Amino acid sequence: MREWWIQVGLLTVPLIAVYLHIPPPHISPTLNSWKTAGAFFTFKGNHIFYRESLGAVGSSDVVVLLHGFPTSSYDWYKIWDGLNQRFSRVIALDFLGFGFSDKPRPHRYSIFEQANIVEALMAHLGLRDQKINILSHDYGDTVALELLYRNEHNKTGHLMISSLCLSNGGIFPETHYPRFLQKLLKDSGVLSPILTRLINFVVFSKGIGAVFGPYTQPTDGEFWDMWTGVRVNDGHLVMDSILQYINQRLKHRDRWVGSLTTTTVPLHLIYGPLDPVNPHPQFITLYQKLVQRSTVSVLDDHISHYPQLEDPTGFMNAYLSFINSF
């Protein structure tokens with residue numbers, strides 16, 4: 001009898017999960033302000049959210065911010081004002097499948113498509129023929145490397161890159177350690193759509209909290225804003241598809257790491273050394289060995305995977321020192 005009930009439970013729970021639909025949380029006033037300050041453009045029928053600010057008078061420099069997984073352009077809010085004091089235009093977007101952008105399903109998400117979207121946004125904003133600075137984090141690092149590859153090989157429609165600053169991204173598959181939930185969603189095949197429906201705020205916040213330092217944890221409000229960004233347009237249901245980028249990094253390692261090691265574009269890395277995803281010292285040792293032209297800023301020992309949120313002052317100082325050096 002007991003085994004019968006166990007079997008029923010094993011069948012019932014997935015069935016409930018498939019039909020489970022919990023309304024997304026309400027958008028907080030701070031996150032809503034971020035949204036209302038932005039706009040949308042259309043890429044192949046999908047609406048892509050972006051935010052742009054006109055900043056420093058007398059400067060012609062433009063910076064484009066590329067966020068990480070599984071969050072959004074809102075990751076940059078703590079350094080937005082600081083960047084506005086240095087650059088004439090500060091631009092950030094939510095990649096397809098993230099934040100306030102559309103999250104189509106089924107859809108074959110790829111780094112190449114996200115790079116196409118960045119190029120399309122620059123054309124939309126009239127910046128196709130202007131050199132831009134790229135500041136990226138995590139997932140955004142890989143998108144930036146694809147843009148760098150196109151710049152180096154003079155691909156049609158490529159962006160002209162003035163500088164590139166990376167931060168805490170899985171650039172090297174051999175030193176990248178995805179979280180258990182990421183591997184589970186990525187590799188569970190037909191079970192992945194069921195698992196994505198079981199993701200809730202508690203699971204999400206524990207997963208995100210684990211990649212922040214113990215002294216730099218997000219507030220309850222920040223956790224909710226991150227979760228809200230995921231849940232808008234049912235974004236939790238496409239996480240398994242987006243996570244295929246981990247496999248793409250492995251498949252195209254030579255393309256992306258190759259462009260990083262051969263480029264003449266000024267390079268910098270800002271690194272939170274407590275990062276469990278790209279751990280110290282393996283990651284930074286390999287980076288400095290392979291990317292010898294790049295300068296590096298290693299932040300305080302307690303800073304982890306989200307340095308722009310955990311130490312915005314240190315992050316900004318490191319970035320401005322780099323950007324003012326050439």
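Student: Which residues lie nearest the centre of the largest pocket?
Tutor: This is a predicted model, and its largest pocket holds about 290 Å³ of space. The lining of the largest pocket counts 21 residues. Those nearest its centre are Pro-70, Arg-179, Gln-182, Gly-207 and Ile-208.

Student: Which element gives the largest share of the lining of the largest pocket?
Tutor: Two elements give two or more residues to this lining: α6 (180-187) and α8 (201-209). One of them supplies five residues, the largest share. That element is α8.

Student: How do the residues of that lining divide by class?
Tutor: Sort the lining of the largest pocket into three classes. Three residues are charged and four are polar. The nonpolar class holds 14.

Student: Pro-70 lines the pocket. Is the peptide bond from Phe-69 to Pro-70 cis or trans?
Tutor: Start with the place: Pro-70 sits in the loop between β3 and α3 (80-84). Then take omega for the bond from Phe-69 to Pro-70, which is near 5°. The bond is cis.

Student: Which residues does the other cis peptide bond, with omega about -5°, join?
Tutor: Look in the loop between β4 and α4, where Pro-106 lies. Omega is about -5° for the bond that leads into this proline. The cis bond joins Arg-105 and Pro-106.

Student: What is the volume of the largest cavity?
Tutor: The structure holds three cavities of 30 Å³ or more. Phe-69 and Pro-70 are among the residues that line the largest one. Gly-97, Phe-98 and Lys-103 are also included. The volume of this cavity is about 50 Å³.

Student: Which elements give two or more residues to the lining of the largest cavity?
Tutor: The lining includes Gly-229, Val-230, Met-239 and Ile-242. By class, the whole lining has six nonpolar, three polar and one charged residues. The elements that give two or more residues are α9 (220-231) and α10 (239-242).

Student: Which element gives the most to the lining of the second largest cavity?
Tutor: This cavity has about 40 Å³ of space. Its lining is Thr-142, Leu-145, Gly-170, Ile-171, Arg-249, Arg-253, Trp-256 and Val-257. Two elements give two or more residues, α5 (139-152) and α12 (253-262). The most, three residues, come from α12.

Student: At what angle do the axes of α5 and α12 cross?
Tutor: Two packed helices are described by the distance between their axes and the angle between them. Here the axes come within 9 Å. The crossing of α5 and α12 is left-handed. The angle is roughly 65°.

Student: Which residues of α12 make the contact with α5?
Tutor: On the α5 side stand Thr-142, Leu-145, Glu-146, Leu-148, Tyr-149 and Glu-152. By class, the contact has five nonpolar, three polar and three charged residues. The α12 side gives Arg-255, Trp-256, Ser-259, Leu-260 and Thr-262.

Student: Why is one side of β1 and of β8 left without a neighbour in the sheet?
Tutor: The sheet is open, with eight strands in the order β1-β2-β4-β3-β5-β6-β7-β8 and mixed pairing. β1 (39-43) and β8 (295-298) stand at its edges. One side of each has no neighbour because each has a single partner strand.

Student: By how many degrees are neighbouring strands of this sheet turned against each other on average?
Tutor: Take the neighbours in this sheet of eight strands. Ignore strand direction and average the turn between them. The result is 20°.

Student: Which residue stands opposite Val-298 in β8?
Tutor: Look to β7 (residues 267-271), which pairs with β8. The two run in the parallel sense over four bridges. Opposite Val-298 stands Tyr-271.

Student: Which helix lies across β6, β7 and β8?
Tutor: Two helices are worth comparing. Helix α4 (residues 111-124) lies across β1, β2, β3, β4 and β5, at about 120° to β1. The helix across β6 (161-167), β7 and β8 runs at about 170° to β7. That helix, with residues 282-290, is α13.

Student: Which residue other than glycine has a positive phi, near 45°?
Tutor: Search the loop between β6 and α6. A residue there has phi near 45°, and this residue is not glycine. Its name is Asn-168.

Notes:
Residues are numbered from 1 along each chain as its sequence is written. This is a predicted model: local features need pLDDT of at least 70, side-chain atom pairs count only at pLDDT 80 or more; totals for chains, interfaces and linings use all residues. Side-chain values use heavy atoms; hydrogens and water are left out. On a 1 Å grid over the protein atoms alone, a cavity is a set of points where a 1.4 Å probe fits but cannot get out, and a pocket is an open set with protein on both sides within 12 Å along at least five of seven lines; lining residues have an atom within 4 Å of a point. Grid points are joined across faces, edges and corners, and a volume is the space filled by probe spheres set on the points. Ala, Val, Leu, Ile, Met, Phe, Trp, Tyr, Cys and Pro count as nonpolar, Asp, Glu, Lys and Arg as charged, and the others, Gly among them, as polar. Axes are lines fitted to C-alpha atoms, for helices over the stretch in contact, and angles run from 0 to 180 degrees between N-to-C directions. A crossing is left-handed if the near helix is turned anticlockwise from the far one by less than a right angle, and right-handed if clockwise. Contact means heavy atoms within 4.5 Å. Two strands pair if DSSP finds at least two bridges between them.
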